[in-house]
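Reader: I'm new to this one. Can you walk me through it?

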Amino acid sequence: MKKILLILFLSIGASSMAFAKNEIRTVKYLFTMKNVLDKKVTHCGEMTVYTTCGAQWSGTFCLEQETYAPFTDTEYMRIIRFKDLELCGHTDIPE
Amino acid sequence: MKSLIIIITLSFLTVHVYSQQPTDSTLVKIVYTLGGKPDSNHKRASTKYTLDIGRSISKFYSYEKSVADSLLISQLEIQRNLGGQISINNSSKLAASDKVIYRSFASGISMVFDIIGMVDYRYIDSVKDLIWKLLPDTANILGYKCTKANAHFRGRNYEAWFAPDIPIQGGPYIYCGLPGLILNIKDDQNTFEFQALSIEQLVNKYPLAISQSKSTLISRAAYRKLKEMYYNNPEAIANSQGLYFGQGTINGAPYNPEELKKKRKLYNPIELE
C-alpha cells in the first residue's frame with residue numbers, strides 16, 4: 001500500500017514538474033457578487049500566469065458583467081493576455 | 001387572411017436574405033513570415049501570417065494565433081467540465097496579433113478587426129494614401145520574377161517586391177495597389193519585413209467570408225488611440241472594461257507596477273500616422 005502511495009506521489013510530482021516546464025497558467029473561479037445599484041454582476045477568480053517573457057504573476061482578478069454566467073473561455077484567454085501584455089510588452093506584434 | 005400569409009412569407013424571406021453572408025472561397029493561400037527588428041538590440045521572433053485570396057475578398061491573419069486559440073479553447077473546455085482549478089498548457093502564441101484584415105477587391109476598402117483587452121473592435125480603412133513608385137530593379141522570389149517598388153505609407157518608407165505574373169493586387173498586412181502580388185516588403189529601418197514563404201493554389205477550397213462576430217465599429221483614429229493606451233497602460237483599459245486585478249506577486253515577490261512600466265519598450269506600431 002505504502003509503495004503504491006509513493007509511486008502515486010512521485011508520478012503526480014513528476015507530472016507537475018513536466019507541466020511547469022511547459023509553462024502552465026492556472027485560473028480558478030472564486031465567487032460572484034451582485035451589485036444591485038448598477039445591475040452588474042462581479043465575477044472573481046485567481047490565477048497564475050506564466051508569461052511569454054518568463055515572469056510569473058499570481059493574483060486575483062474581478063470582472064464586472066451583466067450576466068450570472070461565469071467566465072467564458074474567451075474571457076479567460078483575454079484576462080491572461082492582459083497580464084501578459086502588462087508584464088512583457090508584446091513588442092513583436094505589428095499593431 | 002391571404003394578405004396576412006403573404007406578409008408573413010415576405011417577412012421570412014427578408015430575414016433570410018439579410019442573414020445570408022457573402023460567400024466566397026479561398027482560391028490561393030500565401031504564407032508570409034514576419035521578421036525585422038522592433039528595436040536596435042532585439043530581433044523579432046519570426047511569426048507566420050496567412051493571406052487567403054478569394055474571388056472578391058482577401059483575408060490576412062496570424063495563422064499561428066488562430067491555431068493557438070482553438071487549442072487553448074479546447075483545453076479550457078475539457079478542464080472546465082472537470083471543475084475546480086484550470087491549468088492551461090502554454091502552447092499558445094500569446095504574443096501573436098489578433099488583427100484580421102479583410103479587403104474587398106471591388107471597392108478597395110478594408111475592414112480591420114482587432115481585440116483590445118476584453119472588447120472586439122472593427123474599423124474601415126480605405127488605404128487611399130499608398131502611392132507606389134515603380135523601379136527597374138528585378139529579383140527572383142519563390143521562382144517568380146519580381147519588380148521593385150517604393151512607397152511612403154503612414155510614417156514609414158517601404159521597399160516592396162511584387163510579382164507581375166501573379167495578377168493579385170494585394171499583399172501582406174494592408175499593403176496593396178501594385179500590379180501584382182507583393183512577395184516581400186520591408187521598411188527602410190527594417191523594423192518590419194514580410195517575406196512570402198509559400199504560394200499555394202488550393203484544390204480543396206475553404207469558405208472565405210467577412211467575420212459576422214459581434215464587434216464595436218470605431219474610427220481608425222479612435223482605434224489607434226485606444227491601441228496605444230492599451231499598450232502603454234493595459235491596467236487602465238482593463239479597468240475601463242470592468243476588469244480589475246489584485247496586487248498579486250511576480251515570481252513570488254510583491255511587485256511595483258511603476259517599475260514594470262520603466263522596463264517597457266516604446267510602442268512602435270506598423271502604422272505611425
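**Cavity lining and sheet**

Author: Sure. Start with the lining of the largest cavity: by class, it has 9 nonpolar, 4 polar and 1 charged residues. Keep in mind that this is a predicted model.

Reader: How many cavities of 30 Å³ or more does the count come to?

Author: The count comes to 3. The largest has a volume of about 80 Å³. Its lining is made of 14 residues, and the closest to its centre are B:Leu51, B:Ser58, B:Arg103, B:Gly171 and B:Tyr173.

Reader: Which elements give two or more residues to that lining?

Author: Strands S3 (47-53), S4 (57-62) and S6 (100-104) of chain B.

Reader: OK, new topic. What is the strand order in the sheet of chain B?

Author: The order is S9-S10-S11-S12-S13-S2-S3-S4-S6-S7-S8-S15. That is 12 strands in an open sheet, with mixed pairing.

Reader: Which strands stand at the edges?

Author: S9 (132-141) and S15 (216-217) of chain B. Each has a single partner strand, so one side of each is left without a neighbour in the sheet.

Reader: Let's zoom in on S11(B). Is S11(B) largely enclosed or left open?

Author: Largely enclosed by the rest of the structure, because 6 of its 8 residues are buried.

Reader: How many bridges join S10(B) to S11(B)?

Author: There are 7, and the two strands run antiparallel. In one of the pairs, B:Thr147 has B:Phe162 of S11(B) as its bridge partner. S10(B) and S11(B) form a hairpin with 2 residues between the strands, where B:Arg154 takes a positive phi near 50°.

Reader: And over how many bridges do S11 and S12 of chain B pair?

Author: Over 6, in the antiparallel sense. S11 covers residues 156-163 and S12 covers residues 181-187. B:Tyr158 stands opposite B:Asp187, and B:Ala163 has B:Leu181 as its bridge partner.

Reader: What about B:Thr33: buried or exposed?

Author: Buried. The cut-off is under 20% relative accessible area. B:Thr33 has 15% relative accessibility, so it counts as buried. This residue lies in strand S2 (residues 28-35) of chain B.

Reader: Which residues is B:Thr33 in contact with, leaving aside neighbours within four places in sequence?

Author: B:Ser46, B:Thr47, B:Lys48, B:Glu193, B:Phe194, B:Gln195 and B:Leu197.

Reader: Last one. Which strands does helix H3 of chain B lie across?

Author: Helix H3 (residues 220-232) lies across S7 (110-116) and S8 (119-125) of chain B. H3 runs at about 25° to S7(B).

Conventions
Residues are numbered from 1 along each chain as its sequence is written. Chains are lettered from A and ligands numbered from 1 in the order in which they are written. This is a predicted model: local features need pLDDT of at least 70, side-chain atom pairs count only at pLDDT 80 or more; totals for chains, interfaces and linings use all residues. Side-chain values use heavy atoms; hydrogens and water are left out. Two strands pair if DSSP finds at least two bridges between them. Helices (H or I, at least four residues) and strands (E, at least two) are DSSP runs, numbered from the N terminus. Contact means heavy atoms within 4.5 Å. Axes are lines fitted to C-alpha atoms, for helices over the stretch in contact, and angles run from 0 to 180 degrees between N-to-C directions. Buried means under 20% relative accessible area, exposed over 50%, partly exposed in between (1.4 Å probe, protein chains only). On a 1 Å grid over the protein atoms alone, a cavity is a set of points where a 1.4 Å probe fits but cannot get out, and a pocket is an open set with protein on both sides within 12 Å along at least five of seven lines; lining residues have an atom within 4 Å of a point. Grid points are joined across faces, edges and corners, and a volume is the space filled by probe spheres set on the points. Ala, Val, Leu, Ile, Met, Phe, Trp, Tyr, Cys and Pro count as nonpolar, Asp, Glu, Lys and Arg as charged, and the others, Gly among them, as polar.
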